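This report looks at how the parts of one model meet. Please view the structure first, then read on.

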Number of protein chains: 2
Amino acid sequence: MTVRPPSEQTLELAAFVPFRLNRLATGVSEHLAVVYQRRFGLDIPQWRVMATVGPQQACTAQSIAASTRMHKTRVSRAIAELETRQLVERASSTEDRREREIRLTKAGRRVYGELVPLALAREAALLECLSPEQLCGFLGALETLERYLHLEN
Amino acid sequence: MTVRPPSEQTLELAAFVPFRLNRLATGVSEHLAVVYQRRFGLDIPQWRVMATVGPQQACTAQSIAASTRMHKTRVSRAIAELETRQLVERASSTEDRREREIRLTKAGRRVYGELVPLALAREAALLECLSPEQLCGFLGALETLERYLHLEN
DNA sequence: CACAAATGGTTGCGCGCGCAACCGTATGGA
DNA sequence: TCCATACGGTTGCGCGCGCAACCATTTGTG
């Protein structure tokens, strides 16, 4: 085995997993965007807030930022916009007056009720095109990599 | 089986594959960023251009945009910056004077030669934490989903 | 040949994001 | 009790991006 200068090693971007992963994630996002964007006029941060708050839980901006891994300013602005559109409401917490409890309004729950089944159907359609072994390996790999990169929850 | 109102269906974001995929792609990107960003001061578009142009090929901004799936303005600006940093050079094509042939400079090839092995090592480290079945299913799923979403090439 | 349409590439503009600074509130230690 | 520090959340600012418009050149059509 001869020693080669490092410049001999090349990289095919189309075969480079980090790039492919980024491209796939973008593609899946766009594939999903038709549901919440074109139909309900929500952008990604808003959709994530809606999905996190959920139909009955009350939660804080902090916890939303943690579970969505979005920057707190992004969360703050998404909530502000959702509030003006009357999809969520904010109430000062009684126990800690810095916090504000966020919950869906009635209109918000209606949107959520329409949105979630569509989103889940999109996800299902995506996963259905995989073979059982692919699906199993894929989900396992997802979990392993999440742990490796400390992304869980 | 009783009919339930749609609002009964809920969505756990942490278990929702499109979200997890986005989160994973971001995590992998950040994990890789230390190589090209902290060490060479390149941002993602610049790194992708470097990787696409490669050590000997000459290519056009157009072809870079196509294979990286970046917007042509993003490519244009990345190339402009790389040119001022003397990592790539542009020459007007003789056969079609609208195009400009882009190639790495000597300094660019040196950076490329350092960068690529590090990037490939990061990718390898990532994939090595997967079991053989996971790796196989994962790569298969990647390919299947790319075809499903028409992301190839 | 002439002219319309298409193509490669760049640039002005507006928007959304992250950073840092900030406000108000809560907490812990002396 | 007082004050430094930490924490939840919001806001001003600068930057990078995509959109649309644009310039220069090429291609297609009559």
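How many nonpolar, polar and charged residues does the surface near DNA strand C have? The class count is 2 nonpolar, 6 polar and 11 charged residues. The model is predicted, and every value here is computed from it.

**The surface near DNA strand C**

DNA strand C is surrounded by 19 residues. The closest are Gln62(B), Thr73(B), Ser76(B), Arg90(B) and Arg98(B). On the strand's side, sugar and phosphate make up 61% of the atoms that come within 4 Å of the protein.

Both chains supply helices here. α4 (72-84) of chain A gives at least two residues to this surface. So do α3 (61-68) and α4 (72-84) of chain B. The most comes from α4(B), with 4 residues.

Three polar side-chain atoms can be placed against particular atoms of the strand. The table lists them.

| Residue | Atom of DNA strand C | Distance |
|---|---|---|
| Arg74(A) | phosphate oxygen | 3.4 Å |
| Lys72(B) | base oxygen | 3.0 Å |
| Ser76(B) | phosphate oxygen | 2.7 Å |

Ser76(B) thus appears twice: it is one of the closest residues to the strand, and its polar side-chain atom lies 2.7 Å from a phosphate oxygen. Lys72(B) reaches a base oxygen instead, at 3.0 Å.

**The interface of chain A and chain B**

Now the protein chains. In this interface, 59 residues of chain A contact 59 residues of chain B. The buried area is about 5,800 Å². Carbon and sulfur atoms give 73% of that area.

What polar links cross the interface? The rule finds 16 residue pairs in polar contact, both residues at pLDDT 80 or more. Five helices of chain A each give two or more residues to the side that touches chain B: α1 (17-40), α2 (44-53), α3 (61-68), α5 (106-128) and α6 (132-148). The largest share is that of α1(A), with 14 residues. By class, this side of chain A divides into 34 nonpolar, 16 polar and 9 charged residues.

Salt bridges between the two chains number 4. One salt bridge joins the side chains of Arg20(A) and Glu146(B), with N to O at 2.9 Å.

**In brief**

The surface near DNA strand C has 11 charged and 2 nonpolar residues. The side of chain A that touches chain B has 9 charged and 34 nonpolar residues.

Notes
Residues numbered from 1 in each chain as written. Chains lettered and ligands numbered in written order. Predicted model: local features only at pLDDT ≥ 70, side-chain atom pairs only at ≥ 80, totals over all residues. Heavy atoms only, no water. Contact = heavy atoms within 4.5 Å. Buried area = accessible area lost by both parts, 1.4 Å probe. Polar contact = N/O pair within 3.5 Å; in protein donor to acceptor, adjacent residues only side chain to side chain. Nonpolar A, V, L, I, M, F, W, Y, C, P; charged D, E, K, R; others polar. Near = heavy atom within 4 Å.
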